Amino acid sequence: MKKIGIATTGGDAPGMNAAIRAITRLASAHDIDVIGFEAGWDGLFANRYQKLTKRSVGGILHQGGTILRTSRSKVLHTEEGREKCAENLLINDIDGFFVIGGNGSMMAANLLSQHISHVPFIGIPGSIDNDVFGTDETFGFDSAVNTAVGQIDKIRDTAQSHDHIFITEVMGRKHGFIALDVGIAVGASYILVPEEPAADQIDDILATIRSNQDVGKKSGIIVAAEGVDMDCRDLASVIERQTDTTVRINILGYSQRGGSPTARSRLLATLYAKEGVRQILENPSNQMMGLTKGEIVGRNLDDIVGKERVINMSRLQYYRVLAS
Ligand code: F6P
């Protein structure tokens, strides 16, 4: 193994720089050259890259985003695009490729690998959404949860001062991983996830608010994932109509994706990189690194892609008992 490529693809996640740094430094320690393609698959397609060295990846561990930049590229959606990317791997004498990202990134790497069989692809799961099948936790998730919790703690001050109910929308277009953990950590009155139809929960939400009011608790926080099938404004007007409360909406949005990674996100990214480099040297094949029962292991990329990771519904039910 003489030269590897790295790309960060899909949505950015705090910890991507920690992964780039660790892969580069560990590979360099094995005398492997490293190049980083810019803006994800787009950079590979356009053959736009930068040489990464031990020194060039200094001072980035604590920074959010990705120094390589990223994109939601569609270049691998076509046969022509995949051929071009494979050709650029050949032109650059790449012996192994690290892709850092979420579900879409793993799927894309798996597709591309079919066009260039001698290059092993190593997936490093980084996404704020925590919805990558084959790992118990993606790096970046912990940072996003902590960012959201910090912001909701502030919102609670206003909620309590004004006796408002706040509906706070957190990220998660398809899954409720962020909403569930954030909701538990802030002591939300109610947690809404995309996995359950919102209309079925209205009665429960109203009952929770009324029973809270009966015991003198007039304010509250409802945490809703962005993918919930009901607009926050519609939910707010139902609550205002049916209970004696004022509702405010706060959409946390992209602030959850940025910012300095937490220690946990940095550590996970760094440990994924360690196992990734070990695997590419000792067992070069297409794999994604996954955290299972506290251990990081390589898992066959083919067994991962196209599968869904599901939220822990019993944790949600447990939480509803606490909040009711
Ligand atoms: O990275 C995943 C995610 O955070 C989703 O939760 C969210 O819906 C999405 O990114 C939005 O990002 P973009 O605008 O980059 O598609």
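**Exercise 1. Find out how strand β8 sits in this predicted model: where do its residues lie, and which of them point the same way from the strand?**

Step 1. Start with burial: 6 of the 6 residues of strand β8 (residues 220–225) are buried, so this strand is largely enclosed by the rest of the structure. Buried here stands for a relative accessible area under 20%.

Step 2. Recall a rule: in a regular strand the side chains alternate between the two faces of the sheet.

Step 3. Now sort the residues of β8. Gly220, Ile222 and Ala224 point one way, while Ile221, Val223 and Ala225 point the other way. Both groups are buried.

**Exercise 2. Work out which strands are joined to β8, and how the chain gets from β7 to β8.**

Step 1. Look at β6 (residues 164–170): 6 bridges join this strand to β8, and the two run parallel. Within this pair, Glu169 stands opposite Ala224.

Step 2. Turn to β7 (residues 190–192), which is joined to β8 by 3 bridges, again running parallel. Here Tyr190 is found opposite Ile222 of β8.

Step 3. Follow the chain onward from β7: it passes through helix α7 (residues 202–214) to reach β8. This β-α-β crossover is right-handed.

**Exercise 3. Trace the open sheet of 7 strands and place helix α1 on it.**

Step 1. Read the order of the strands across the sheet: β3-β2-β1-β4-β5-β10-β11, with mixed pairing.

Step 2. Find the edges. They are β3 (49–52) and β11 (295–300), each of which pairs on one side only.

Step 3. Consider the twist: neighbouring strands of this sheet are turned by 30° against each other on average, direction ignored.

Step 4. Zoom in on β2 (residues 33–37). It runs antiparallel to β3, and 4 bridges join the two. In this pair, Gly36 stands opposite Gln50 of β3.

Step 5. Add helix α1 (residues 16–29), which packs on the sheet and touches β1 (3–8), β2, β3, β4 (96–101) and β5 (121–125). The direction of α1 makes about 180° with that of β1.

**Exercise 4. Decide whether Leu301 is buried or exposed, and list what it touches.**

Step 1. Locate the residue: Leu301 belongs to helix α10 (residues 301–304).

Step 2. Check its relative accessible area, which is 1%. The cut-off for buried is under 20%, so Leu301 is buried.

Step 3. Leave aside the neighbours within four places in sequence. Leu301 is then in contact with Met106, Ala109, Asn110, Phe121, Asn286, Gln287 and Met288.

Definitions and conventions
Residues numbered from 1 in each chain as written. Predicted model: local features only at pLDDT ≥ 70, side-chain atom pairs only at ≥ 80, totals over all residues. Heavy atoms only, no water. Pairing = 2+ DSSP bridges. Axes fitted to C-alpha atoms, helices over the stretch in contact; angles between N-to-C directions. Contact = heavy atoms within 4.5 Å. Buried < 20%, exposed > 50% of the residue type's maximum accessible area, 1.4 Å probe, protein only. Right-handed = clockwise from strand over helix to strand, strands pointing away.
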